[in-house]
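Me: Please give me a close account of the nonpolar interior of this chain. I should like to see how it is built up and how the surrounding elements are arranged.

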Amino acid sequence: MKRKTRQISVGWVKVGGDAPIVVQSMTSTKTHQVEETLSQINRLAKVGCEIIRVAVPHREDLEALPDIVKNSPIPVIADIHFAPSYAFGSMEAGVHGIRINPGNIGKEEIVRDIVQEAKRKGVAIRIGVNSGSLEKDLLEKYGYPKAEALFESAMRWSEKFEKWGFYNFKVSIKGSDVLENIRANELFAQHTDIPLHIGITEAGMGLKGIVKSSVGIGILLYKGIGDTIRVSLTDDPEVEVETAYAILQSLGLRRRGIEIISCPTCGRIEVDLPKVVKEVEEKLKGLEKPLKVAIMGCVVNAIGEAREADLGLACGRGFAWLFKEGKPIKRVSEEEMVQALLEEVLNYDGKGKV
Ligand code: SF4
C-alpha cells in the first residue's frame, strides 16, 4: 500500500496524498536555446511527462525562463546549483518549482531566504540530497555517503524548512548505489509524511541504466514509497518517460496507452516476431486506450497463453489467428495481420479487462 504523504502542488500538478504517482523528466537541451528546449518539452509532454526540470547554470538560461514557463504545457522546475541568485531569479521568472541541494547553496541564512521567497510566491521546492553533494560534517561522521548520512541530511533540511513555516516541498535522496539509495529512502519514509521524489542518479546508458533504475525505483514503489519518479538515463529523455510508465505499469500503479505483451519466442516460432511487435508498437504509439494486446509466435500455446489479453495475434507459418478476449475470430494472412490487428484495436469498444 502506498505510504500516506501530505500533498504539495507544483504549479497545477499535485504530488503526494491521493494523487497518482507523477512522472517527470529533465530536458537535455541548452536551456537558453528556447525553441529547442520548448520543442523537447512538448515532445516529452506528449509521451506523458507531467513536470519538467530545466538546468539553469548560466545567466542566459535564467533569462530564457520567462519564455519557457509561459509556453510550456507542463509545470517547470528550475534546477539550481551553487548560485542562490539564480534561485531568486527563477522564481521571479515564474517557475513553478525549484530544485536545490541546500548542501551546495552556501550559508543557512541564504537557504532560509530562498525558502521564504518560495513561500511568498507559492513556488514548490525540491530538496535534493545527493551522494555527490553531501555536507562535509556528515561525510566526516559517516566516512562515505551511506544511507544514514543521506537520511540525516534530508531530515536536517526538512526540519529546517518546516521550522521556517514552509511545507510545499518534497525531498529526493539519490545515490548511485541502488541498495544505499533504497535504504536511505526507506529510513526517510519511516520518519516523515513528506512526499518523496525517487530515482537512481547516474544510472547509466541503455539496458544497464534501465535495469538499475527499474530495480531501484521498482523496489521502492513496491514498498509504497515514492510520490513522483524520474528515471535518469544517459539517453533521450523520452526514453526516461517511457521507462517510467513501463515501471508504473508493471506494478499496476499507472498505465498509459496500450499494453503490448509478446511471447519470449522459442523453437516453435513461425514468424519474425520482433519485427511484428515493433511495427505494432510504432503504429499504436500515443493511442490512449486501456487495452492489453498480445502478439504470440505460434498458434500452439498462444491463445491459452494470451487469455488475459483483450486482443491479439497468434502467428503461424504465413498466417495468423486474430483473437479477441481469448477466442479466435479471424484467420488472416501474414501480409494483412498487422493491419487487421490495428483495425480491431481501433474498433474495440470493450472496456478492457484491466
Ligand atoms: S507462443 Fe509459441 S513461439 Fe511463443 S513462446 Fe509460446 S510456444 Fe514458443
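**The nonpolar interior and its surroundings**

Reply: The largest nonpolar core comprises 74 residues, and those with the most contacts inside it are Ile98, Ile100, Ile125, Phe161, Val171 and Phe188. Helix H6 (residues 147–163) supplies the largest share of this core, eight residues. Apart from this core lies another, of 31 residues, which includes Cys263, Leu291, Val332 and Met337. A nonpolar core is here a set of buried Ala, Val, Leu, Ile, Met, Phe, Trp, Tyr and Cys residues joined through side-chain atoms within 4.5 Å. Buried denotes under 20% relative accessible area, exposed over 50%, and partly exposed the range in between, with a 1.4 Å probe and protein chains only. Helices (H or I, at least four residues) and strands (E, at least two) are DSSP runs numbered from the N terminus. In soluble globular proteins, nonpolar side chains tend to be buried together.

The model is predicted: local features require pLDDT of at least 70 and side-chain atom pairs count only at pLDDT 80 or more, whereas totals for chains, interfaces and linings use all residues. Residues are numbered from 1 along each chain as its sequence is written, and side-chain values use heavy atoms, with hydrogens and water left out.

Isoleucine 100 illustrates the packing within the 74-residue core. With neighbours within four places in sequence set aside, its contacts (heavy atoms within 4.5 Å) are Ile80, Ile105, Val111, Ile114, Ile125, Arg126, Ile127, Gly128 and Phe161. Ile125 and Phe161 are thus partners of isoleucine 100 and are also listed among the residues with the most contacts inside the core.

The wider frame is as follows. The chain has 354 residues, of which 55% count as buried, and it contains 12 helices and 15 strands. Its C-alpha atoms fill a box of roughly 70 × 40 × 35 Å along the principal axes. Of the contacts between residues at least 6 apart in sequence, 63% join residues at least 24 apart. Domain 1 spans 8–250 and domain 2 spans 259–347, with bounds that come from an automatic or database domain assignment. The centres of domain 1 and domain 2, taken over C-alpha atoms, are separated by 39 Å.

Three sites outside the list of core residues deserve attention. Arginine 3, in the segment before strand E1 (8–10), counts as buried at 11% relative accessibility. Beyond four places in sequence, arginine 3 touches Ala189, Thr192, Asp193, Ile194, Leu196, Gly224 and Asp227. Glycine 199 occupies the loop between strand E9 (196–198) and helix H8 (206–222) and is buried at 2% relative accessibility. Its contacts, again leaving aside neighbours within four places, are Lys174, Asn181, Ile217 and Arg230; glycine 199 and isoleucine 217 are 18 residues apart in sequence and 5.9 Å apart from C-alpha to C-alpha. Glutamate 50 is placed in the loop between helix H1 (34–46) and strand E4 (51–55). Its side chain makes a polar contact of 2.9 Å with that of arginine 254. A polar contact is a pair of N or O atoms within 3.5 Å; within protein, one must be able to donate a hydrogen and the other to accept it, and residues adjacent in sequence count only if both atoms are side-chain atoms. Not counting residues up to four places away, glutamate 50 touches Val13, Ile21, Val22, Val23, Ile74, Pro75, Tyr245 and Arg254.

An open sheet of five strands follows the order E11-E12-E13-E14-E15, with mixed pairing; strands pair if DSSP finds at least two bridges between them. Strand E11 (259–262) and strand E15 (327–333) stand at the edges with a single partner strand each, so one side of each lacks a neighbour in the sheet. Neighbouring strands of this sheet are turned by 20° against each other on average, direction ignored. Strand E13 (residues 311–315) and strand E14 (residues 319–324) pair in the antiparallel sense over five bridges, and glycine 312 stands opposite phenylalanine 323 in E14. Helix H12 (residues 337–347) lies across strand E12 (292–296), E13, E14 and E15, and runs at about 165° to E13. Axes are lines fitted to C-alpha atoms, for helices over the stretch in contact, and angles run from 0 to 180 degrees between N-to-C directions.

Two loops adjoining strands of this sheet contain a residue with positive phi. Threonine 265, in the loop between E11 and helix H10 (273–284), has a phi of about 70° although it is not a glycine. Glutamate 325, in the loop between E14 and E15, has a positive phi near 45°. Threonine 265 is partly exposed, with a relative accessible area of 37%, and glutamate 325 counts as partly exposed at 37% relative accessibility. Most residues other than glycine have a negative phi.
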